Amino acid sequence: MKNFREYLKELKNRNDLIEIDTEVDPVIEIAKIQKKYANSKTVQFNKIKGYDIPVISNIFHNRENIALAIETDLDGLKDKIITAVKNPVDTVIVKTAPVQEVVTTKDINPLNDLPIPQHYLKDNGKYITAGVILATDPETGIRNLSFARMKVNNNNKINVMINPNRHLLRYFHKAEALGKSLDVAIIFGAHPAVWLEGAMPDGLVDDDMDELNIASSLAGSPIELINGKTIDLAYPANCEIVIEGRMINGEREYEGPFGDYSGIYDNPPRENPVIEISAIVRRKDAIYHDLLPFAAEHFHLGGLPRETDLLKRVKQAVPGIMDIHLTLGGCSRFHAVVKIKKDKESNANHTIVATLFPTESARDIKVVVVVDDDINIYISSDVEWAIATRVQWHKDIIIINKMEGLLDPSAISNTSASILERTEILTSKIGIDATIPLGKPDFMGLFERVGF
Ligand SMILES: Cc1cc2nc3c(=O)[nH]c(=O)nc-3n(C[C@H](O)[C@H](O)[C@H](O)COP(=O)(O)O)c2cc1C
Ligand SMILES: [Mn+2]
């Protein structure tokens, strides 16, 4: 797969993409249709009220579409990511770029220039949700990619919500310590490998690893870059739209509420860095990528890289781990199911402890269910069946209190310090051993599954 356009063509060929030709309002109306097709189709909106740029969404509504983008299959996804992280490929610089066909540097206002939706009723306005932010480490020049929600103001400024533990925030703080602003490029419609890389958490990718080179490895060939018009950064030449700008040294602004991955409004508003836009560049016939928060595209994009990181880590503690899934019902963050081939009775509890070890990928996990290798961890009714038939609650669970958590109302309300202070949020976690006990001969065939 060479680029985004080729990928879209393939999705069309596979009957995965539907086009909506009736006029839709970017406020709420697009989101309602995204929601309707959230688990089934890529949707392209061709006529947006007030704009002449179409919107595309729900592209990663399933993992088959991710596998297609990086030329693997469902079973190969995590290995492909781990291999790409270990084998970066250099990018190349080119001289001309489709993305710079139209360059705007005057009177910039993304609210006028781009069809940015408002998704949920109480969101604080229109938000960019599928823009990948490129920046370089001010000390080392290493390149980083990351997603973050961005509130668009009615001028040339954008407000970007970045949590602690993000490489991007570290880069910005380094720039500020040097008395500088941080150049950024917000990229839309690059090769999907760039999106996947933008969702890779600290730990899977360390902050001394060049993420454009990892994206090139995932894409299967060097990503071609073009120098920015107004910033000291080279970004993917073959993409749809790029917003050029800088995160301003010393500036912060309130942002939120915003309906995020957990399906609740992230409240109260936070003080966040501000990006001042210096140019918007795009293809003549650009397509704007939008992502509906708290829906399948958000879950798969956020969940798959975290699962990959967890699998790598937990395997070090318990080699018999086969796979790990962060379920959609748990917003691909809160509930983990781990499949193991058990050879010792302690395997299950070691798996629970290793999965909960509080790295970036594990911080949100509140439930770990460990199952045997006959269970399909991607089918929630199969996991529930294992719990129904293999768990004795007085001996098969572990509860750990006072662990760090995030963005979950029950954890926030469990924490005594005021949420306004943004202090540590405390949560409790449970591990469930839903494996068949080893060691006791199964004289009565108690656990034998029915079959044909
Ligand atoms: C669609 C999407 C939206 C996200 N929004 C945010 C966000 O608003 N703020 C944030 O800190 N992380 C957000 N994340 C998570 C980060 O993008 C992710 O942890 C990434 O690995 C951070 O990269 P970095 O550590 O290289 O900066 C989002 C992830 C996805 C997939
Ligand atoms: Mn990073």
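This section describes the overall form, the domains, the strand pairing and the unusual backbone geometry of a predicted model.

The secondary structure of the protein comprises twelve helices and 23 strands. The C-alpha trace extends over about 80 × 50 × 40 Å along its principal axes. A compact globule of 452 residues would have a radius of gyration near 22 Å, and the 23 Å found for the protein therefore agrees with that expectation. Of the 452 residues, 46% count as buried. Among contacts in the protein with a separation of 6 or more, 69% are made by residues 24 or more positions apart.

Two domains are given by the domain assignment: domain 1 covers residues 73-288, and domain 2 covers residues 297-433. The centres of the two domains, taken over C-alpha atoms, are separated by 29 Å. Contact between them involves 20 residues of domain 1 and 20 residues of domain 2. On the domain 1 side, helices α4 (77-86) and α7 (192-198) each supply at least two of the residues that touch domain 2. The most is given by α4, with four residues. By class, this side of domain 1 consists of twelve nonpolar, four polar and four charged residues.

Strand pairing was examined around β10 (residues 157-160), which lies antiparallel to β9 (residues 150-152) and is joined to β9 by three bridges. Within this pair, K151 has N159 of β10 as its bridge partner. The two strands, β9 and β10, form a hairpin, with four residues between them. Strand β10 also pairs with β17 (residues 270-282), again in the antiparallel sense and over three bridges. In this second pairing, I158 is matched with I275 of β17. Strand β10 thus has bridges to β9 and to β17.

Backbone geometry was considered next. Most residues other than glycine have a negative phi, and most peptide bonds are trans. Three sites depart from these patterns. The peptide bond joining G256 and P257 is cis, with omega at about 0°. The proline of this bond, P257, is placed in the loop between β14 (241-255) and β15 (258-259).

The other two sites concern phi. F294, which is not a glycine, has a positive phi of about 60°. This residue is located in the loop between β18 (288-289) and α9 (296-317). F294 has 17 other C-beta atoms within 10 Å and is therefore classed as partly exposed, since a buried residue needs 20 or more such atoms and an exposed one has 12 or fewer.

K402 likewise has a positive phi, near 55°, in a residue other than glycine. K402 belongs to a strand, β22 (residues 397-405), whereas F294 is in a loop. K402 counts as exposed because it has 12 C-beta neighbours inside 10 Å. The positive phi values thus occur in a partly exposed residue, F294, and in an exposed residue, K402.

Definitions and conventions
Residues numbered from 1 in each chain as written. Chains lettered and ligands numbered in written order. Predicted model: local features only at pLDDT ≥ 70, side-chain atom pairs only at ≥ 80, totals over all residues. Rg over C-alpha atoms; globule rule 2.2 N^0.38 Å. Contact = placed C-beta atoms within 7 Å. Domains from an automatic or database assignment. Nonpolar A, V, L, I, M, F, W, Y, C, P; charged D, E, K, R; others polar. Pairing = 2+ DSSP bridges.
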